[in-house]
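Hi,

Here is the structure I promised to pass on. Have a look at it first, and then read my notes underneath.

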Amino acid sequence: MNLEWVRQVPWPKVHLQSSARVSFDQRTFQNTWGGTELQVQTELERVQSPDPLPLILGGSLGGLLLLALVALGLYKVGFFKRRYKEMLEGNETPGDPPGEPQGPN
């Protein structure tokens, strides 16, 4: 069934009514629902799909902003300071605060 004409109709909804008639050999088959005609009403509605570009851009920029805030917070608490070289030289133990050597005063 070709429904291209639905796109050209100016209304947002279109009601279609279809009817069918069934004929059969009544000597072989039995009709249990009582009639040989059936009508069906269908409602076609035109739906505009949303533009995904603002959602994608907003989600990407929001994710990058959240990543930057988390990285800034970790930097402020000293998460990225390297103490590995000082620990290898024996001047610092893992529990000492950064930057203060633990040698004899």
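Below is what I found in it, going from the overall layout to single residues.

Before anything else, please keep in mind that this is a predicted model.

**The overall layout**

The protein is built from three helices and two strands. If you walk along the sequence, you meet them in the order α-β-β-α-α. Of its 105 residues, 5% are buried. The accessible surface adds up to about 10,000 Å², and carbon and sulfur atoms account for 59% of that. I also checked how far along the chain the contacts reach: taking those between residues at least 6 apart in sequence, 42% join residues at least 24 apart.

**The two strands and their salt bridges**

Side chains of opposite charge can pair when their charged atoms come close. How many salt bridges does the structure hold? There are three, and here they are one by one.

Start with Lys13 and Glu43, whose side chains meet in a salt bridge at 3.8 Å, N to O. Lys13 belongs to strand β1 (residues 13-21) and Glu43 to strand β2 (residues 37-45), so this pair ties together parts that are 30 residues apart in sequence. Are these two buried or exposed? Neither, quite: Lys13 is partly exposed at 42% relative accessibility, and Glu43 is partly exposed too, with a relative accessible area of 41%.

Next comes the salt bridge between Glu37 and Arg21, where the closest N and O atoms are 2.1 Å apart. Glu37 lies in strand β2 and Arg21 in strand β1, so here the parts tied together are 16 residues apart in sequence. Glu37 is partly exposed, its relative accessible area being 46%, while Arg21 counts as exposed at 61%.

The remaining salt bridge joins Asp25 and Arg27, with 3.4 Å between the closest N and O atoms. Asp25 is partly exposed at 31% relative accessibility, whereas Arg27 is exposed at 77%.

**More on β1 and β2**

Glu43 deserves another look. Which residues does Glu43 touch, leaving aside its neighbours within four places in sequence? Its contacts are Lys13, Val14 and His15. With His15, the C-alpha atoms are separated by 4.5 Å, although the two residues are 28 residues apart along the chain.

You can see something along those lines with Leu16, which sits in strand β1. Leu16 and Leu44 are 28 residues apart in sequence, and their C-alpha atoms are 7.6 Å apart in space. Leu16 is partly exposed, at 22% relative accessibility. The cut-off for buried is under 20%, so Leu16 does not count as buried.

**Helix α2 and what follows it**

Helix α2 covers residues 53-76. How does its length compare with what you would expect for 24 residues? At 1.5 Å a residue, the helix should span 34 Å, and its end C-alpha atoms are indeed 34 Å apart, which agrees. Just after α2, look for Gly78, which takes a positive phi of about 85°.

A little further on is the aromatic pair. A pair of aromatic rings is described by the distance of the centres and the angle of the planes. The structure holds one such pair. The rings of Phe79 and Phe80 have centres 5.3 Å apart and planes at 85°, so the pair is edge-to-face. Phe79 is exposed, with a relative accessible area of 56%, and Phe80 is partly exposed at 47%.

**A nonpolar patch**

Both of those rings also turn up in a patch on the surface. Which residues form this nonpolar patch? They are Leu65, Leu66, Leu69, Val70, Leu72, Leu74, Tyr75, Val77, Phe79 and Phe80, and together they have about 1,100 Å² of accessible area. One of them, Leu74, lies in helix α2 and is partly exposed, with a relative accessible area of 30%.

**If you only have a minute**

Colour β1 and β2 and find Lys13 with Glu43, then find Glu37 with Arg21. After that, go to Phe79 and Phe80 for the edge-to-face rings, and look at the nonpolar patch that includes them.

Cheers

Methods
Residues numbered from 1 in each chain as written. Predicted model: local features only at pLDDT ≥ 70, side-chain atom pairs only at ≥ 80, totals over all residues. Heavy atoms only, no water. Salt bridge = Lys/Arg side-chain N within 4 Å of Asp/Glu carboxyl O. Helix = DSSP H or I, 4+ residues; strand = E, 2+ residues; numbered from the N terminus. Buried < 20%, exposed > 50% of the residue type's maximum accessible area, 1.4 Å probe, protein only. Phe/Tyr/Trp six-rings, centres within 6.5 Å; stacked < 30°, edge-to-face > 60°. Expected span 1.5 Å × (residues − 1). Patch = residues over 30% accessible without salt bridge, like charges linked within 9 Å, V, L, I, M, F, W, Y side chains within 5 Å. Areas by Shrake-Rupley, 256 points an atom, 1.4 Å probe, with all protein chains shown as cover. Contact = heavy atoms within 4.5 Å.
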